[in-house]
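The following report describes the strand arrangement and the overall properties of one chain.

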Amino acid sequence: SIDVKYYFDKGNLRYDYIVKPGGDPNVIQFILEGANDQYIKSTGELVFDTRFEAVEQKELMLYQIVDGNKIEVEGKCIIDSDRQSIGLDIASLD
């Protein structure tokens, strides 16, 4: 009930998780292989350090489509307690 779409936006790799009706976005978790460290900045961006440089995942956007309109939903990336996987903390969805 969850799909992933990868694409380029302004030369940057982007990805969308598409949660279908009845799907649970709280089960979304991913692991960044090759990262030396990962953390959430005070401004909310996910950052992971590589041997070359730090990479920021900017402009997290969460929304649901209601009657053909995008309705923004509050949420943020979270790192689990063992610092292995990253998930989403989403306020609420309809």
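Two strands count as paired if DSSP finds at least two bridges between them; strands are DSSP runs of E of at least two residues, and helices are runs of H or I of at least four residues, both numbered from the N terminus. This is a predicted model, in which local features need pLDDT of at least 70 and side-chain atom pairs count only at pLDDT 80 or more, while totals for chains, interfaces and linings use all residues. Residues are numbered from 1 along each chain as its sequence is written, and side-chain values use heavy atoms, without hydrogens and water.

Leu46 stands opposite Gln57 in strand 6. Strand 5 (residues 46-49) runs antiparallel to strand 6, and 4 bridges join the two. Both belong to an open sheet of 3 strands, ordered 4-5-6 with antiparallel pairing. Strand 4 (37-40) and strand 6 (54-57) each have a single partner strand, so one side of each edge strand lacks a neighbour in the sheet. On average, neighbouring strands here are turned by 20° against each other, direction ignored, as taken between lines fitted to C-alpha atoms.

The chain contains 10 strands and 0 helices. Its overall values are tabulated below.

| Property of the chain | Value |
|---|---|
| Span of the C-alpha trace along the principal axes | about 45 × 35 × 25 Å |
| Buried residues (under 20% relative accessible area, 1.4 Å probe) | 19% of 94 residues |
| Exposed area (Shrake-Rupley method, 1.4 Å probe) | about 7300 Å² |

Carbon and sulfur atoms supply 47% of the exposed area. Among contacts (heavy atoms within 4.5 Å) with a separation of 6 or more, 26% join residues 24 or more positions apart.

Technical notes: Axes are lines fitted to C-alpha atoms, for helices over the stretch in contact, and angles run from 0 to 180 degrees between N-to-C directions. Buried means under 20% relative accessible area, exposed over 50%, partly exposed in between (1.4 Å probe, protein chains only).
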